[in-house]
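Reader: Hi! Could you walk me through this protein and one of its pockets?
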Amino acid sequence: MAIEEASSLHRPIKIWTDNLSSLMAILNPKSHHSMIREIQTLLLSHKHIHLRWLKAHVGYLGNECANQLAKEAITKGDPFFLPKLLSYLKYEIMSAALTIWQDNWDNGETGRSTHDIVPRVLNKPVRWNREELMFVTVHGLFPSYLHRFNLRTHDNC
């Protein structure tokens, strides 16, 4: 959008961005993304427009203001379309999946002894050894476990 606005001006223009991945995509001559190709065409036909990178979140007043305006536009549902980054979509999907998993874990009928010890679900492995897992889950060579599956006549030690 900024490039389109700058194309009508006939003087040197520098457009600063903190999005290095976008700049790298624009520099890629093999890109097949339609938006990238459109930007490349505009830049080739308007040599007076120059894109520059600046480091994000280090206190550049204009950059901080632009970030704030972009956040406001997203939260207000502004008709200006800002495509979401893949990393943001992955985060949203992971958050939703963890919420569903936690709900199932909290309201499930099985694994209650384990739920008492580990009430929160995580997407990272718990570093327990075999004996700890067998004790927490009440699975393994315990008399109560063996009795439950009729492999022992009583459940006491």
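Author: Happy to! On a 1 Å grid over the protein atoms alone, a pocket is an open set of points where a 1.4 Å probe fits, with protein on both sides within 12 Å along at least five of seven lines; lining residues have an atom within 4 Å of a point. This is a predicted model, where local features need pLDDT of at least 70, side-chain atom pairs count only at pLDDT 80 or more, and totals for chains, interfaces and linings use all residues. Residues are numbered from 1 along each chain as its sequence is written, and side-chain values use heavy atoms, leaving out hydrogens and water.

Reader: Cool, which residues line the second largest pocket?
Author: Its lining consists of L23, I26, L27, N28, P29, Q40, L43, L44, K47, I49, H50 and L51.

Reader: And which elements each supply at least two of the lining residues?
Author: Those are α2 (20-27), α3 (34-45) and β2 (49-53). Helices (H or I, at least four residues) and strands (E, at least two) are DSSP runs, numbered from the N terminus.

Reader: How many helices and strands are there in the protein?
Author: The protein has 8 helices and 2 strands, in the order α-β-α-α-β-α-α-α-α-α along the sequence.

Reader: New topic: what does the C-alpha trace span?
Author: About 90 × 35 × 30 Å along the principal axes.

Reader: Last one, what is the average pLDDT?
Author: The average is 82, and 94% of the residues score at least 70. pLDDT is the predictor's confidence in each residue, from 0 to 100. Helix α5 (residues 86-107) has the highest mean among the elements, 90, and helix α8 (residues 143-148) the lowest, 74.
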